Amino acid sequence: MEQYAIWGGNPLVGEVEIGGAKNAALPILAASLLTDDTVLIDNMPDIRDINVLLDAMKGIGVVVERLGRHQVKINAAHIHTTAIEGEGIRKMRASYYFLGALLGKYKSASVGLPGGCEIGTRAIDQHIKGFKALGAKVRMEHGMIITEAIDLTGAHIFLDVVSVGATINLMMAAVLAEGLTVIENVAKEPHVVDVANFLNSMGANIKGAGTDVIRIRGVKSLHGSEYTVIPDQIEAGTFMMAAAITKGDVTVKNIIPKHLECISAKLKEIGCEVQDSDDAVRVVASRVLRGTQVKTMPYPGFPTDMQPQISVTLGLSAGTSIVRESIFENRFRYLEELSKMGANVTIEGNVAILEGVEKYEGAAISATDLRAGAALVLAALAAEGFSTVDHIHYIERGYEDFPEKLNGLGGHIKRVTNADELKRARLKVV
Ligand code: EPZ
């Protein structure tokens, strides 16, 4: 019955440290299977998805040594199988990264079908298209995706869809293949570049990550590495938006401003003051916010993973705002929950129209997926009165110490696990 119990109405003020990027750390862990040497990874977020992946790696014989909350030493020299499954693995989209890594190293991989958030069909046809282009066979059997190859040979692959997962998976499958692989129409997200940098630190030969074309020249083997994961662009953006929606003043620290440019630009557009320094960004939202238009796009466009967070903010911004979700087909389910708080929103296909209201009222709401859950917490912190958010397991998949960081900024949010704790939180009994 875990829930967040939230008293809203306090502007968030102060500083918050951002952790390592979930969507870089997950594929980097999988990529560590590509060498028999030891790999040391630092600045890993301590979140459920990471821990599920590490447990699955241990399950196939990878030696995993936690040197600290955010640091892990890995050696995959003696794995005993290339088949990975289990309930946790099937629930997590990032499990498919084992396909690229194990196929790339052992020419064989079987992984339980990927799950993930209910934000869309989450196809993997582009991954499969790329594996086949490299010379692998792919089949589905009893809910497992199985891919095998006699040899992997470099190929020229043109992705039909800009896909983060397919771009990363095909990089991993191609690093040890014979010859040159060229992948066109690739994703350019910071986490894609981070994975390419990690692979190159292991001796891979990858050029062009962060542009529309990635070239991978296969090498004989990869060696160990010590690597630090980049800061999480979406965690940072979530706290920047938290400052905006609560009319606060928050400095987000340990970030790369370049990765946040599209989010900073939108915050300025709606009336926030945004000040960059070399590893921090400050968002001040004293004035009434203005509505605007948002269209989610692949990087460097506005991230789909920030769509719920800006939408709940626009629900309290003056005027009419239009949000177009162009990446996923079902990423507005949370707006029904927001309406319970008094939002004035209509949905027409992949477009949400938000008429700004004066305030949200506290309510009992449910997280529908990872980013929507975080966004509804922001809405509850901005609302007048008391709210509860349930299904918080979605949120804890991807945000480390979310309540603690928000309370550190003056929020009132408590994780409750039973009726008595809920009652005490509602009465503000600490
Ligand atoms: C990654 O998912 C992220 N997850 C998502 O973040 C993020 O929303 C997404 O990239 C887009 O930035 C991880 O990195 C673990 P895609 P991924 O392949 O790789 C379609 C979060 O909140 N597509 O870029 O699954 C797909 O259906 C999560 O941290 C195909 O059609 O996303 C979608 O409409 C949520 N065929 C679009 O492309 C394919 O083979 C983008 O998907 C692959 C994708």
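Is Cys262 buried or exposed, and at what relative accessibility? At 13% relative accessibility, Cys262 counts as buried, where buried means under 20% relative accessible area, exposed over 50% and partly exposed in between, with a 1.4 Å probe and protein chains only.

The views show a predicted model, in which local features need pLDDT of at least 70, side-chain atom pairs count only at pLDDT 80 or more, and totals for chains, interfaces and linings use all residues. Residues are numbered from 1 along each chain as its sequence is written, and side-chain values use heavy atoms, with hydrogens and water left out.

**View 1. Cys262 and Cys272 do not form a disulfide.** A disulfide is a pair of cysteine sulfur atoms within 2.5 Å, and by this rule the count is zero. The cysteine sulfur closest to that of Cys262 belongs to Cys272, but at 15 Å it is too far for a bond. Cys272 is also buried, with a relative accessible area of 5%.

**View 2. Helix α6 is largely enclosed by the rest of the structure.** The helix covers residues 164–174, and 10 of its 11 residues are buried. Among them are Gly165, Ile168, Leu170, Met171 and Met172. Helices (H or I, at least four residues) and strands (E, at least two) are DSSP runs, numbered from the N terminus. At the start of α6, a side-chain oxygen of Ser163 comes to within 3.5 Å of the backbone nitrogen of Gly165. This is a polar contact, that is, a pair of N or O atoms within 3.5 Å; within protein, one must be able to donate a hydrogen and the other to accept it, and residues adjacent in sequence count only if both atoms are side-chain atoms.

**View 3. Ser163, Gly165 and Arg371 each place an N or O atom by a ligand oxygen.** For Ser163, a side-chain N or O atom is 2.7 Å from an oxygen atom of the ligand. Gly165 has a backbone N or O atom 2.8 Å from a ligand oxygen, and in Arg371 a side-chain N or O atom is 2.8 Å from one. On its own the ligand has 830 Å² of accessible area (Shrake-Rupley method, 1.4 Å probe), and the protein covers 92% of that area.

**View 4. Residues from several helices surround the ligand.** There are 23 residues around the ligand (a heavy atom within 4 Å), and Arg93, Asp125, Ser163, Asp305 and Ile327 come nearest. Two or more shell residues come from each of α1 (22–31), α5 (125–133), α6 and α12 (370–382). The most, three residues, come from α5.
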